[in-house]
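Colleague: Could you walk me through this one before I go back to the bench? I'd like to go piece by piece.

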Amino acid sequence: MSESIQAQLPTSGVPPHELPASLRAAGLTNWIREPLDDAVDRRRRIIFPPAAALIGTPAIGYQGALLAEVLHPDTVFMMGDNPDLPKMPERPRLQDFFQLRFSKIATRHLLQSARVARERGLDEKVITACLLHDIAIAGLLSANHGYWGAQLVAPYVDEEVRWAIEKHEALRYFADESVGYTYPEAYIDYFGPDYQPPDYIRREYEAARRHRWYMTSRLVTINDIYSFDPNVAVDFADFEDVVGRNFRQPEEGLGFDGSPVAHMWRTMIWPNNFL
Ligand SMILES: [Fe+2]
Ligand SMILES: [Fe+2]
């Protein structure tokens with residue numbers, strides 16, 4: 001190894017340097033992984049937050065300062081395994097995302113929705129759709145989550161399940177009292193009592209209302225509840241049989257099967273990659 005390359009490599013003697021005051025003042029220290037000690041190669045690793053998380057917030061103004069941090073020889077952008085996250089298996093299966101990546105609160109919501117659907121004796125397609133309906137919120141993106149979630153699972157589930165997941169987002173805003181579904185109380189808290197869904201959501205709802213699978217998606221919304229019995233613990237293992245029959249796990253693992261959505265699963269495996 002040439003001396004010049006060796007000089008660029010971080011050593012244990014590199015003192016951790018102070019971040020620019022602007023980054024500290026902006027509260028952006030959580031994007032920078034310090035100290036060096038337990039890092040894979042003793043380097044500081046910068047997480048460059050995705051545009052979807054920054055646009056519309058003051059943090060967007062600090063992208064330049066974050067970028068400048070990698071000019072330090074002991075600092076690189078996060079790529080590959082983030083030491084703060086549990087390592088995923090080489091061939092990840094659906095349960096690995098539930099257990100190692102999805103947020104705890106969303107995981108609980110999904111498992112409880114599926115549990116209620118099963119207790120009501122509903123079809124396995126409905127139970128599967130309930131189990132998966134918010135996985136985009138759990139691990140990827142919240143805006144347009146029905147559509148992201150439907151795409152994530154499209155290659156692996158029945159088309160009716162995919163459709164029900166996609167449409168639940170729009171159907172949530174519209175009551176159907178013939179089956180006892182009213183506008184969610186929670187949405188009044190979330191969006192205010194005067195919130196009106198945009199036209200594209202209304203059009204999606206109207207089309208879904210006429211579709212032959214309408215009730216499959218409507219049942220997802222009926223079981224999409226936020227108040228659960230705190231004494232009931234639900235485990236993913238409780239649904240292994242349903243998942244086995246209704247979700248075709250690719251042999252190469254989710255993220256590595258070359259499907260049109262593999263990159264979306266990889267983004268959840270390595271959510272902090274710079275590129
Ligand atoms: Fe949802
Ligand atoms: Fe939900």
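Colleague: Is His-145 buried or exposed?

Modeller: This is a predicted model, and in it His-145 is buried because its relative accessible area is 11%, which falls under the 20% cut-off. His-145 belongs to helix H9, residues 145-153.

Colleague: And what does His-145 touch, leaving out residues up to four places away in sequence?

Modeller: With those left out, His-145 makes contact with His-133, Asp-134, Ala-136, Ile-137, His-168 and Glu-169. Two of these, His-133 and Asp-134, are also among the protein donors of the iron ion (ligand 2).

Colleague: Okay, which residues are the protein donors of that iron ion (ligand 2)?

Modeller: The donors are His-109 and His-133, each through NE2, together with Asp-134 and Asp-224, each through OD, and they lie 2.0 to 2.2 Å from the iron ion (ligand 2). Along the sequence, these donor residues follow the spacing H-x23-H-D-x89-D.

Colleague: Why is the arrangement around the iron ion (ligand 2) called irregular?

Modeller: The four donor atoms subtend angles of 82 to 174° at the iron ion (ligand 2), so the arrangement is irregular. A tetrahedral label would need all angles to lie between 85 and 135 degrees.

Colleague: How far is the iron ion (ligand 2) from the iron ion (ligand 1), and which residue coordinates both?

Modeller: The two iron ions are 3.7 Å apart, and Asp-134 coordinates both. Asp-134 sits in the loop between helix H7 (124-132) and helix H8 (135-139), while Asp-224 sits in the loop between helix H13 (214-222) and helix H14 (240-246), so that the pair, 90 residues apart, links distant parts of the chain. Asp-134 counts as buried because its relative accessibility is 6%, and Asp-224 is likewise buried, with a relative accessible area of 4%.

Colleague: Switching to H6, how many residues does it have, and what covers its buried ones?

Modeller: Helix H6 (residues 104-119) has 16 residues and spans 22 Å from first C-alpha to last, close to the 22 Å expected. Its buried residues include the donor His-109, along with Leu-110 and Leu-111, and what covers the buried residues includes helix H5 (94-100), H7 and H8. Just after H6, Gly-121 adopts a positive phi of about 75°.

Colleague: Last one: where is Leu-141, and what does it touch beyond four places away in sequence?

Modeller: Leu-141 is in the loop between H8 and H9, and at 30% relative accessibility it counts as partly exposed. Beyond its sequence neighbours, Leu-141 touches Ala-52, Ala-136 and Trp-148; the C-alpha atoms of Leu-141 and Ala-52 are separated by 8.5 Å, although the two residues are 89 residues apart along the chain.

Note on methods
Residues are numbered from 1 along each chain as its sequence is written. Chains are lettered from A and ligands numbered from 1 in the order in which they are written. This is a predicted model: local features need pLDDT of at least 70, side-chain atom pairs count only at pLDDT 80 or more; totals for chains, interfaces and linings use all residues. Side-chain values use heavy atoms; hydrogens and water are left out. Donors are N, O and S atoms within 2.8 Å of the metal (3.2 Å for Na, K and Ca); water is not among the atoms, so sites may look incomplete. Four donors count as tetrahedral if all angles lie between 85 and 135 degrees; four count as square planar and six as octahedral if opposite donors are over 155 degrees apart and all others between 65 and 115; anything else is irregular. Helices (H or I, at least four residues) and strands (E, at least two) are DSSP runs, numbered from the N terminus. Buried means under 20% relative accessible area, exposed over 50%, partly exposed in between (1.4 Å probe, protein chains only). The expected span of a helix is 1.5 Å times one less than its number of residues. Contact means heavy atoms within 4.5 Å.
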